[in-house]
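Reader: I am new to this structure and would like to understand the reasoning behind the terms used for it. May I put some questions about them?

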Amino acid sequence: MLGYTITQWLFGILAFMAIMFGLMVVFSRNPVNSVLYLVLTFFCIAGHYLLLNAQFLAVVHIAVYAGAIMVLFLFVIMLMNLNQDSEPQRTMISKVIAGVIGGLLLLVVVGALRGSEQLAITRYGHSEIGLVRNLGRVLFDEYLFPFEIVSVLLLAALVGAIMIGKKEDRPLAESNQE
Amino acid sequence: MYMMLSVILFIIGAVGVMARRNTIILFMCIELMLNAVNLLLVAFSRLHEDSSGQVFVFFIMAVAAAEVAVGLAILSMIYRNVKNIDTDHLGNLKN
Amino acid sequence: MIKLVTLVPLFPLAGFLLNGFFGKKMSKGLSGAIASIAVLASFIVSLGIFIELNGSEAKEHVVNVMSWISAGALQVPFQFLVDPLSSWFLLIITGIGFLIHVYSTGYMHDDEGFQRFFTYLNLFVFFMLLLVLGNNFLITFVGWEGVGLCSYLLIGFWYKNTAYNNAARKAFVMNRIGDLGFLLGILLIFVNYGSITYTEVFPNAGAADSSTVTAIAILLFIGAMGKSAQLPLYTWLPDAMAGPTPVSALIHAATMVTAGIFMVVRSNVFYSISHTASEFVAIVGVITALFAATIGLFQNDIKKILAYSTVSQLGLMFLGLGVGAFSSSVFHVTTHAFFKALLFLGAGSVIHAMGGEQDIRRMGGLSNKIKITYLTMLIGTIAISGVFPFSGFFSKDEILAHAYEHNKVLWMLGMITSMLTAFYMFRLLWVTFFGSFRGTHHQAEHLHESPASMTIPLMVLAALSVIGGVLGLPEFWGTHNWMQEWLEPIIRRPHGSALSHETEWMLMGIALSGALAVIYITYMVYRKNNVLPEANEANLKGWQKVVYNKYYVDEIYDAIIRKPLDAISTALHKFVDLQIVDGIVNGVGTSVKSIGGLVRMLQTGNIGFYIMGMAIGLIAIIIITFNL
């Protein structure tokens with residue numbers, strides 16, 4: 001079809017959807033909508049991972065991002081009762097500035113990446129590096145130490161989150177009284 | 001092509017951070033930027049036939065998860081105290 | 001025992017630490033006992049060292065304590081030098097120090113700073129021992145500075161009194177001027193000899209050219225001037241009487257002020273080489289002696305009189321050093337330590353009895369009220385006046401004989417000084433202890449003899465003052481001059497008396513008859529006719545007024561040194577400091593502040609704004625990096 005392979009079609013469609021959903025994340029007024037669009041963006045990105053033969057990563061991505069992180073976001077939004085477009089908007093001028101700066105950045109980066117287009121992936125569908133077996137071998141062989149560190153980091157984040165989120169009424173009340 | 005895609009996603013995220021005032025949405029934009037980078041890493045991993053890129057993505061996911069957990073905890077904490085998560089209202093450190 | 005020399009300074013140090021850290025928790029008795037026992041222990045060890053040294057052939061023992069400074073060419077080991085000089089000074093310091101400690105337990109008994117007092121006192125003894133024992137100039141210098149510090153602390157012991165604090169500061173600053181000279185001398189020695197260790201420098205002292213040696217000797221003497229209160233740096237010593245009386249006795253009479261003498265004797269080789277420096281020392285010494293003696297004539301404060309007498313006696317010692325009579329000077333240091341400590345402690349006892357009164361015009365008739373004090377002070381006074389056979393007679397005579405041999409004018413001035421000494425000391429004695437009581441009624445009732453802890457040291461010192469002379473009986477009597485023989489190994493210039501026996505007898509006769517004549521005059525004036533010092537200073541006329549006001553030396557210093565310095569400082573303050581330095585500093589401050597104020601505007605606290613800034617920066621970086 002039009003000289004493009006199925007993979008290229010898939011890439012184009014997924015890329016378009018990812019960009020559209022990404023824009024919707026930024027522009028939707030309701031935070032809940034934003035979250036949902038972000039989840040869709042993540043699905044598109046997972047599709048890209050599949051296209052890149054990173055099957056395991058795609059699954060993990062959906063599980064971690066769409067399944068855990070975004071649920072956490074939703075949860076917090078619900079908790080704060082922000083489910084409305086009550087958000088005060090920025091002035092038009094600052095939005096325009098943001099857009100202009102973003103456009104400039106895009107232009108500049110694209111300019112910088114000129115000539116790197118020949119780095120296109122040529123061999124689709126033959127790689128096995130995304131398989132769990134290969135990934136696991138690398139992860140637990142070369143990257144064992146960072147892996148352990150990450151586990152410590154997660155533990156620390158867990159404890160930290162609990163500590164921060166704990167309802168510490170006493171010190172706060174005292175400091176308010178002072 | 002993937003490079004272009006991730007650059008565009010990244011810049012969408014950046015513009016979002018600049019243009020929005022809701023801290024939660026700011027967080028989501030940051031996630032978007034992180035994912036743009038992840039995508040690029042996977043693409044390069046594929047290009048060079050090297051698993052290291054994908055392993056990095058794992059690590060980034062883990063760090064992002066930690067960041068989101070702590071960040072949202074702080075956020076809910078702030079919300080509990082000032083009943084607001086508007087970035088314009090969170091300038092108290094300045095004074 | 002010589003190997004144990006480290007213990008000597010260690011005991012007072014331990015006492016200092018104990019009293020310093022736990023003094024507040026101790027009872028006064030315990031604190032005083034610890035301090036006294038520490039010094040007594042040092043004295044016993046010193047005695048052991050002295051006896052062993054006396055019996056041993058080698059007279060120079062270097063005891064290595066530890067390595068200390070090792071920097072390139074500068075090697076300063078922490079060594080003690082035990083030789084006749086240092087062991088003798090050890091005995092003086094610890095012996096008299098112990099007596100004064102005991103005395104202080106009685107004298108300071110009602111003072112709230114009792115423990116603090118003994119802390120300082122022990123620290124002082126420690127530093128003094130360090131000064132004496134060190135085998136190089138640096139250890140001596142450490143001790144030198146340390147005793148200066150302790151002197152400062154003890155003069156300002158009653159720190160709530162501003163005048164006392166000022167006196168303490170004055171002593172500190174005056175000493176500092178001298179210390180600068182000392183330090184420069186040490187540096188010069190290091191530059192010229194490559195070492196500052198005594199046992200290495202002195203044998204090679206002749207290696208440097210004579211002008212260098214003269215410079216070294218004079219610089220060292222400037223240090224001694226400050227510490228031993230010589231003209232023109234003497235003014236701190238009379239003011240130092242602000243401290244408690246035992247301090248005056250220990251520091252400002254018996255030990256610390258003799259540090260200058262010690263140092264000059266220690267480096268006597270330089271003075272033997274340099275004739276100029278010796279002359280300088282002798283002249284400064286004799287002028288100081290005469291000058292201070294005349295001031296002493298009209299003072300009315302019992303401690304001030306003794307202070308000026310100390311300055312004067314120190315001057316005599318320097319005269320002795322200047323004319324090459326090193327052992328005579330050490331002899332005089334010893335006897336002076338006996339009788340001056342005795343006089344100060346006696347004065348303390350009088351002040352104690354009078355309830356703090358120090359003006360002799362308001363005393364009188366005390367001789368039968370406080371008998372022990374009176375008798376011991378009488379002995380001290382006779383000794384210092386140089387009456388045969390008391391100790392002062394021998395030591396003073398020895399110095400004067402050497403001065404006569406050297407130069408008749410110096411002898412003449414020394415003679416006059418010694419007669420003046422007899423005059424003011426007996427004036428003090430007659431006015432204080434005889435005549436009618438002139439104090440208040442309350443004081444008369446309060447009059448009492450001091451406790452045994454104070455009178456026993458007085459008696460011991462009195463006994464020493466009487467018999468101290470045997471240490472240095474004149475040679476022409478056919479006896480041994482023990483002191484001279486003892487110090488022989490460290491004095492690098494042999495000096496036998498070249499005077500004929502007749503001359504010596506004559507000099508002795510002149511000295512003795514002069515002293516007796518003066519005593520008779522004072523007896524006639526102050527005892528028989530009960531002449532009292534003018535009660536109102538304003539009525540003094542002419543030269544008396546000048547002398548009473550100490551020749552206005554303080555005022556002169558004020559006018560020629562302090563005032564110009566003040567003026568220069570003020571000018572510098574106004575122009576350099578306020579305009580230039582402050583201008584630069586404030587300019588930097590205000591510019592930083594204003595720039596900060598501008599930059600602060602960017603700190604909106606708005607995250608979006610920051611990210612915009614970041615993005616713009618990123619754009620700039622990319623453009624620059626990729627040359628777009």
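The exchange below takes up those terms in turn.

Author: Please note at the outset that this is a predicted model.

Reader: Why is Asn53(A) called buried?

Author: A residue is buried if 20 or more other C-beta atoms lie within 10 Å of its own. Asn53(A) has 23 C-beta neighbours inside 10 Å and therefore counts as buried. Its place is the loop between α2 (31-51) and α3 (55-80) of chain A.

Reader: Is Glu49(B) buried or exposed, and how do you know?

Author: A residue counts as exposed if 12 or fewer other C-beta atoms lie within 10 Å. Glu49(B) has 12 other C-beta atoms within 10 Å, so it is exposed. This residue is found in the loop between α2 and α3 of chain B.

Reader: What makes the phi of Asn53(A) worth a remark?

Author: Most residues other than glycine have a negative phi. Asn53(A) is not a glycine, yet its phi is positive, at about 65°. Glu49(B), which is not a glycine either, has a positive phi of about 55°.

Reader: Why are α14(C) and α15(C) called roughly antiparallel?

Author: Angles over 145 degrees count as roughly antiparallel. The axes of helix α14 (residues 302-322) and helix α15 (residues 326-353) of chain C cross at roughly 175° and come within 9 Å. The two helices are therefore roughly antiparallel to each other.

Reader: Which residues meet where α14(C) and α15(C) are in contact?

Author: From α14(C) they include Leu306(C), Leu316(C) and Met317(C), and from α15(C) they include Val333(C), Leu343(C) and Phe344(C). By class, this contact has 11 nonpolar, seven polar and two charged residues.

Reader: How do you know that the largest nonpolar core lies between two domains of chain C?

Author: Domain 1 (1-273) and domain 2 (339-534) of chain C both give residues to this core, so it lies between them. The core has 199 residues, of which Phe124(C) and Ala341(C) touch the most other members. Helix α4 (residues 114-133) of chain C gives the most to the core, with 16 residues.

Reader: What does Ala341(C) touch, leaving aside its neighbours within four places in sequence?

Author: Two residues are in contact if their C-beta atoms lie within 7 Å. With those neighbours set aside, Ala341(C) is in contact with Ile96(C), Ile100(C), Ala249(C), Ala253(C), Ala254(C) and Leu461(C). Apart from the largest core lies another, of 68 residues, among them Leu5(B), Ala19(B), Ala36(B) and Ile611(C).

Reader: How many helices and strands does chain C have, and how much of the chain is buried?

Author: Chain C comes to 25 helices and two strands. Of its 628 residues, 52% count as buried. Among contacts in chain C with a separation of 6 or more, 81% join residues 24 or more positions apart.

Reader: What makes up the contact between chain B and chain A?

Author: Chain B gives 54 residues and chain A gives 67. On the side of chain B that touches chain A, α3(B) gives the most, with 21 residues. That side has 39 nonpolar, eight polar and seven charged residues.

Reader: How many residues form the contact between chain A and chain C?

Author: Nine residues come from chain A and nine from chain C. The side of chain A that touches chain C has eight nonpolar, one polar and no charged residues.

Definitions and conventions
Residues numbered from 1 in each chain as written. Chains lettered and ligands numbered in written order. Predicted model: local features only at pLDDT ≥ 70, side-chain atom pairs only at ≥ 80, totals over all residues. Nonpolar A, V, L, I, M, F, W, Y, C, P; charged D, E, K, R; others polar. Helix = DSSP H or I, 4+ residues; strand = E, 2+ residues; numbered from the N terminus. Core = buried A, V, L, I, M, F, W, Y, C linked by C-beta atoms within 7 Å. Domains from an automatic or database assignment. Axes fitted to C-alpha atoms, helices over the stretch in contact; angles between N-to-C directions. Parallel < 35°, antiparallel > 145°, perpendicular 65-115°, else oblique.
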